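Visitor: I am new to this structure and would love a close look at a single part of it. Could you walk me through what lies in its interior and what surrounds it?

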Amino acid sequence: MKAHTKETQAAITPDAAIQLLKEGNDRFVANDMVPRNLLDQVNDTAQGQYPFATVLSCIDSRVSAELIFDQGVGDIFSARVAGNIVNEDLLGSMEFACKLAGTKVVVILGHTACGAVKGACDDAKMGNLTILLHKIKHAVRAVKEPADKSQRNSKNIDFVNEVVLKNIELTIEDTRSLSPILQEMEDNGEIKIIGAMYDIKTGKVSFLD
């Protein structure tokens with residue numbers, strides 16, 4: 001498996017990029033990953049990179065985008081922050097990845113049982129983490145059920161996972177509203193901005209409509 005070139009990157013549409021990620025995750029779940037000589041890919045990309053996708057995911061050690069999508073060196077830009085939220089630094093990074101480096105899809109990737117989301121559900125406070133979790137609390141408030149306060153915490157994994165899904169949705173909204181560059185690219189059909197959910201128990205990624 002060779003690294004992407006300028007020509008192969010240019011030939012990939014946003015829908016094709018999503019399909020490549022889906023096929024890669026299918027291989028990961030089946031434990032049938034594509035054989036790669038990663039050092040050859042290092043050499044192939046030494047003079048330039050032509051990734052086809054940008055993935056914004058959580059820092060969780062179990063959710064490495066390159067692994068779960070079965071991709072190699074130079075295939076994807078991987079931006080990571082606890083709770084897969086956006087700020088101006090991450091937005092700038094994604095603008096670079098799409099506008100200047102040519103990726104065709106932005107995937108906002110959450111995962112089940114997210115520790116950052118659990119912390120937001122429990123109103124955890126610790127140093128700078130307090131500021132980060134505040135960004136996720138919008139998603140906590142947006143999930144209305146269960147109404148019983150005693151059920152709206154990290155012990156209720158179903159509630160946590162609903163907040164994860166809402167957080168993905170809100171992060172997509174923030175990406176579009178806070179980045180006119182990415183919004184314009186999506187409006188022009190140059191990229192797609194989509195959400196996805198990784199199941200830490202199965203390794204499966206479910207793409208959201």
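**From the surface to the core**

Guide: Let us start on the outside, with aspartate 187, which has its place in helix 9. Please keep in mind that this is a predicted model. Aspartate 187 counts as exposed because its relative accessible area is 58%, over the 50% cut-off. For a sense of distance, pick out glycine 74, which is 113 residues away from aspartate 187 along the chain. The C-alpha atoms of these two residues are 26 Å apart.

Now move to helix 8, where you will find threonine 171. Here the picture is reversed: threonine 171 is buried, since its relative accessible area is 3%, and buried means under 20%. Leaving aside residues up to four places away in sequence, threonine 171 touches Leu56, Asn84, Ile85, Val86 and Ile108.

Two of those neighbours lead us into the strands. Leucine 56 stands opposite isoleucine 108, a residue of strand 3. Strand 1 covers residues 53-57, and five bridges join strand 1 to strand 3, the two running parallel. Strand 1 also pairs with strand 2 (residues 76-80), again in the parallel sense and over five bridges. In that pairing, serine 57 sits opposite arginine 80 of strand 2.

How well covered is strand 1? Five of its five residues are buried. On one side these are Ala53, Val55 and Ser57, and on the other Thr54 and Leu56, so both faces are covered.

Leu56 also brings us to the largest nonpolar core, which has 35 residues. Leu56 is among the residues with the most contacts inside this core, along with Met94, Val117, Cys121, Ile136, Val163 and Val164. Several elements give two or more residues to the core, including helix 5 (88-100), strand 3 (105-111), helix 6 (115-121) and helix 7 (129-142). Helix 8 (157-178), helix 9 (180-187) and strand 4 (192-198) do so too. The largest share, six residues, comes from helix 8. In soluble globular proteins, nonpolar side chains tend to be buried together.

For a closer view of this core, look at valine 164. Not counting residues up to four places away in sequence, valine 164 touches Gly110, His111, Cys114, Val117 and Met197. Apart from this largest core lies another core, of 20 residues, among them Phe52, Ala53, Val55 and Ala65.

Terms used. Residues are numbered from 1 along each chain as its sequence is written. This is a predicted model: local features need pLDDT of at least 70, side-chain atom pairs count only at pLDDT 80 or more; totals for chains, interfaces and linings use all residues. Side-chain values use heavy atoms; hydrogens and water are left out. A nonpolar core is a set of buried Ala, Val, Leu, Ile, Met, Phe, Trp, Tyr and Cys residues joined through side-chain atoms within 4.5 Å. Buried means under 20% relative accessible area, exposed over 50%, partly exposed in between (1.4 Å probe, protein chains only). Helices (H or I, at least four residues) and strands (E, at least two) are DSSP runs, numbered from the N terminus. Contact means heavy atoms within 4.5 Å. Two strands pair if DSSP finds at least two bridges between them.
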